[in-house]
Amino acid sequence: MRFAFLLLLVLASCTRADSQWGMPGEARIVQLGDIWNLNPLTAFGQRLIDLTQIYAQPLVGVSPDNRAIPILCEEVPRVENGGISRDARTITYHLRRGVRFADGVEFTSHDVVFTYRAAIDSRNAISEMAPYLRVASVDAPDKYTVVFHLKAPWSGAPRELFAASDYIFGILPAHAFHDNTDMRRAAWNNRPFGTGPFYVTQWRRGDRVVMERNPYSWQHPKLQRLIVRIVPDENAALVAIRAHEVDFTDITADQVEQMRPLRDVSLIAVPRNESDQLELQTQGDAMRDRRMREAVAYAIDRATLARTVYRGLSPLATTEVPPLFPEHDGSIVARTYDPSRARALVRAAGYTGEVRVAFNNAESMYRSAATVVQQNLRDAGMNAVLRGAAPSVLYGPAGQGGIYYGGRFDVAVSGWYGGLDPETSEPWICANRAPNGPNLARWCDAPYDGAFNDQQRTLDPVRRTQDFHTMQQRMSNNVTAVFMVYRTEYEAINPSLRGVAPNMLYNFGQTQDWSLQ
């Protein structure tokens with residue numbers, strides 16, 4: 001089996017509950033926290049990015065069994081179908097014909113080229129511009145063909161450019177912007193529409209977003225309407241689903257235990273391409289010595305973390321590439337919990353200063369994990385101090401006091417959400433060292449970079465897997481990070497809501513198949 005299949009765990013009967021849920025043909029989705037932006041090119045945060053694909057579709061999507069599938073193109077580009085050139089520098093998309101935007105205008109190659117131009121327009125606050133800067137030029141030889149010319153070989157390009165990867169850049173209707181790639185004041189931003197099964201008809205800030213069925217949708221959605229209910233936090237979401245005020249919401253590991261006894265709500269367990277880990281700042285005083293990093297690896301009681309913080313719902317992690325991918329190296333074994341060995345390594349390293357443990361104070365999971373980590377490190381003889389901060393401070397620019405990008409930490413309790421290709425789970429190359437990228441560990445390793453560069457150039461899947469194995473082994477040997485768990489997330493839904501099929505990245509890629517009687 002090339003990819004792990006979605007694990008469905010239904011904990012309630014599939015019959016309609018006795019109490020009323022809502023209107024037939026209308027599904028209600030929870031969005032945690034306010035929505036500040038509905039443009040897919042500038043949306044930030046996985047759940048908001050997820051929502052944008054409901055109305056603005058990418059060229060390539062993700063199936064429920066985690067395969068790349070064509071959405072607005074006829075086939076995912078491959079060497080075998082002529083979509084990828086032999087030198088991996090040219091990607092050709094043949095677009096799906098007969099597709100129309102929600103206002104009835106035909107979708108063509110001009111819209112793809114326009115969206116690319118908008119994605120590289122420096123006037124727009126683009127969420128993830130880096131992949132598109134790897135493109136040298138884009139041609140549209142006819143209405144239904146788009147050709148991307150890359151600056152360098154990139155075998156993973158079809159699973160990242162305009163794909164449902166770690167960011168989703170849905171194709172925008174060029175005519176709605178009058179071909180002006182400066183999107184900052186575009187009227188479309190308030191009532192966005194695209195080729196998706198639904199389009200936005202109302203956005204009441206702080207309250208809800210209403211989407212109606214796209215009458216021109218090539219996918220023929222079954223529902224009439226989707227309503228996105230904005231709630232402040234996980235507790236409010238739990239109250240809403242239990243009161244049948246919404247039909248779909250994420251829930252936390254703690255909330256799973258509360259929901260298990262209920263017969264009127266179904267739970268879906270979704271293994272995500274997400275790992276929670278401790279990133280070790282290799283250029284700081286505390287973790288520069290490999291012996292200190294290895295001491296951290298032996299000091300952390302990962303089994304207890306998984307059982308208590310993650311409630312035993314997420315499996316232990318070993319590398320930066322989850323087993324959802326065939327490129328995962330299953331031969332790598334994590335260091336076992338051994339506080340005595342950890343103390344010996346700390347004494348040998350001779351470091352007696354503070355070990356700063358940074359974490360996102362807005363996330364209860366990371367707060368709890370940080371407390372366990374602090375105690376584990378203290379048991380190993382390290383003077384561990386907690387440094388929780390709001391996301392704006394934690395991820396702020398280095399020059400403005402940002403903790404992560406400024407290197408003001410030694411151990412970061414963090415997570416990494418990957419994409420459709422294992423390459424997007426790799427922030428540890430030299431070029432990505434903070435403050436210039438997400439390599440918070442500030443680690444630079446020539447063999448790692450060599451394998452990373454080779455997997456970009458090769459179209460041989462066996463060689464590419466070998467490259468990823470080399471990368472994972474280099475990470476493990478150098479103790480750049482201590483991996484805790486691969487996240488399994490849970491969705492609570494109305495049992496009568498049919499067709500829900502989340503994948504390893506997102507929940508809303510198949511909303512055209514949802515139905516509710």
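I began with helix α11 in this predicted model, and I find that its 18 residues, running from 461 to 478, reach 26 Å from the first C-alpha to the last. I note that this span is close to the 26 Å expected at 1.5 Å a residue.

Next I looked up how α11 begins and what follows it. At the start of the helix, a side-chain oxygen of D460 comes to within 3.0 Å of the backbone nitrogen of V462. Just after α11, I see that V479 adopts a positive phi of about 50 degrees.

Which residues of α11 are buried? I list R464, T465, D467 and F468, followed by M471, Q472, M475, S476 and N478. I then asked what covers these buried residues, and the elements that I can name include α5 (290-299), α10 (446-457) and β15 (481-493).

I turned afterwards to strand β9, which spans residues 225-231 and is mostly covered, with six of its seven residues buried.

In which sense, parallel or antiparallel, does β1 pair with β9? I find that β1, residues 26-32, pairs with β9 in the parallel sense over seven bridges, and one of the bridge partners that I looked up is R225 of β9, which is matched with E26.

I then checked β8, residues 208-213, and I find that this strand pairs with β9 in the antiparallel sense over five bridges. For M211, the bridge partner in β9 is L226. My entry for β9 therefore records a parallel pairing with β1 and an antiparallel pairing with β8, where pairing requires at least two bridges between the strands.

Notes
Residues are numbered from 1 along each chain as its sequence is written. This is a predicted model: local features need pLDDT of at least 70, side-chain atom pairs count only at pLDDT 80 or more; totals for chains, interfaces and linings use all residues. Side-chain values use heavy atoms; hydrogens and water are left out. Helices (H or I, at least four residues) and strands (E, at least two) are DSSP runs, numbered from the N terminus. The expected span of a helix is 1.5 Å times one less than its number of residues. Buried means under 20% relative accessible area, exposed over 50%, partly exposed in between (1.4 Å probe, protein chains only). Contact means heavy atoms within 4.5 Å. A polar contact is a pair of N or O atoms within 3.5 Å; within protein, one must be able to donate a hydrogen and the other to accept it, and residues adjacent in sequence count only if both atoms are side-chain atoms.
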